[in-house]
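Biologist: I'd like to get to know this protein with you. Could you walk me through it, bit by bit?

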Amino acid sequence: MYHSINEIIDYKLIAKDGEFGKCNDFLFEDRPWIVRYMVAETGGFLNRQKVLIPLVELEKPDRSTQLFHIDLTKQQIEESPSLSENEPVSRQYERISYLYFGWPAHWAEDELENTASTPSGVFRKQENAQESVDKESSLRSVKEVTGYHVDATDGKVGSVNDFIVDDNIWAIRYLVVDIGNSVKDKKVLLAPDWVNT
């Protein structure tokens, strides 16, 4: 099913043993336009922290209840590597996170290709897995990219307003671009293949 990503942000998160926080953001790669993680916000006002949840641990979001069920316990989530607020996600952090949850990294060798049963998306086999690990992460935040200007070949046309994602494989199918003005509101769908980042 296709979902607006911005609609899912702020959904409550339900672990195997109860509610533990809310969906704060999503991180994606703009090549091949795949969402890799949900950013979960846990804890109360004074001890709030953010952690990355690999999408393989998520069930599909429930629009009617605005809940996300996660196949982990609260303890597993609370003890997972904490995400620094002010720094980009490094490949090293991704590696630690994947090792903690016991999942193969999305850049690892011998990954399955094009499998709908693997929610973290379409993987490609690397010639040298260690070389890939050593590279910097190319993850982008949905919240950060929302609002970016969109330029056509003949000038500015609008700004990114939202993303439409296929929650079977967490592939971004469309960017929602606001091309309206202060008088008229107009949005169009832009296929990621048309975008040069």
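Modeller: Sure, and keep in mind that this is a predicted model. Let's begin with one residue: at 9% relative accessibility, Leu-58 falls under the 20% cut-off, so it counts as buried.

Biologist: Where does Leu-58 sit along the chain?

Modeller: Leu-58 isn't part of a helix or strand here. Its place is in the loop between β5 and β6.

Biologist: Which residues does Leu-58 touch, if we skip those up to four places away in sequence?

Modeller: One of them is Phe-68, 10 residues from Leu-58 in sequence, with 7.2 Å between the two C-alpha atoms. The full set, leaving out residues up to four places away, is Met-38, Ile-53, Phe-68, His-69 and Ile-70.

Biologist: That loop also holds Gln-66. What is the phi of Gln-66?

Modeller: Gln-66 lies between β5 (49-54) and β6 (67-69). Its phi is positive, in a residue other than glycine, and the value is near 55°.

Biologist: Is Gln-66 buried or partly exposed?

Modeller: Buried would need a relative accessible area under 20%, and exposed would need over 50%. Gln-66 comes out at 47%, so it counts as partly exposed.

Biologist: Which other residue, in the loop between α1 and β2, has a positive phi?

Modeller: That loop runs between α1 (5-8) and β2 (12-15). The residue has a phi near 85° and isn't a glycine. With 48% relative accessibility it is partly exposed, and its name is Asp-10.

Biologist: Let's move to strand β3. Is Asp-25 in that strand buried or exposed?

Modeller: Asp-25 has its place in β3. Its relative accessibility is 7%, which is under 20%, so Asp-25 counts as buried.

Biologist: And what does Asp-25 touch, again not counting residues up to four places away?

Modeller: The list draws on several stretches of numbering. Asp-25 is in contact with Ile-9, Tyr-37, Met-38, Val-39, Ser-141, Val-142 and Lys-143.

Biologist: How many ångströms separate the C-alpha atoms of Asp-25 and Ile-5?

Modeller: Along the chain, these two are 20 residues apart. In space, their C-alpha atoms are separated by 8.8 Å.

Biologist: What about Gly-18: which residues is it in contact with, leaving aside neighbours within four places?

Modeller: Gly-18 is found in β3 too, which covers residues 18-29. Its relative accessible area is 22%, so it is partly exposed. Leaving aside those neighbours, its contacts are Leu-13 and Lys-74.

Biologist: Now a helix. Why do the buried residues of α3 line one face?

Modeller: In α3 (residues 91-101), the buried ones are Arg-91, Tyr-93, Glu-94, Ser-97, Tyr-98 and Phe-101. Looking down the helix axis, you'd find them together on one side, so they line one face, and the arc that holds them is 155°.

Biologist: Which residue follows α3?

Modeller: Its phi is positive, near 75°. The residue is Gly-102.

Biologist: Let's look at the largest pocket. Which strand gives the most to its lining?

Modeller: The pocket has a volume of about 430 Å³, and 21 residues line it. At least two lining residues come from each of β9 (149-152), β10 (155-166) and β11 (171-178). The most, four residues, come from β9.

Biologist: Which lining residues lie nearest the centre of the largest pocket?

Modeller: The lining as a whole divides into 14 nonpolar, four polar and three charged residues. Those nearest the centre are His-149, Val-150, Asp-151, Val-195 and Asn-196.

Biologist: Last, the whole protein. What share of its residues is buried?

Modeller: The protein has five helices and 12 strands. It exposes about 10900 Å², with carbon and sulfur atoms supplying 47% of that area. Of its 197 residues, the buried share is 47%.

Key: Residues are numbered from 1 along each chain as its sequence is written. This is a predicted model: local features need pLDDT of at least 70, side-chain atom pairs count only at pLDDT 80 or more; totals for chains, interfaces and linings use all residues. Side-chain values use heavy atoms; hydrogens and water are left out. Buried means under 20% relative accessible area, exposed over 50%, partly exposed in between (1.4 Å probe, protein chains only). The arc is that of the directions from the helix axis to the C-beta atoms. Accessible areas come from the Shrake-Rupley method with a 1.4 Å probe; for residues, only the protein chains shown count as cover. On a 1 Å grid over the protein atoms alone, a cavity is a set of points where a 1.4 Å probe fits but cannot get out, and a pocket is an open set with protein on both sides within 12 Å along at least five of seven lines; lining residues have an atom within 4 Å of a point. Grid points are joined across faces, edges and corners, and a volume is the space filled by probe spheres set on the points. Ala, Val, Leu, Ile, Met, Phe, Trp, Tyr, Cys and Pro count as nonpolar, Asp, Glu, Lys and Arg as charged, and the others, Gly among them, as polar. Contact means heavy atoms within 4.5 Å.
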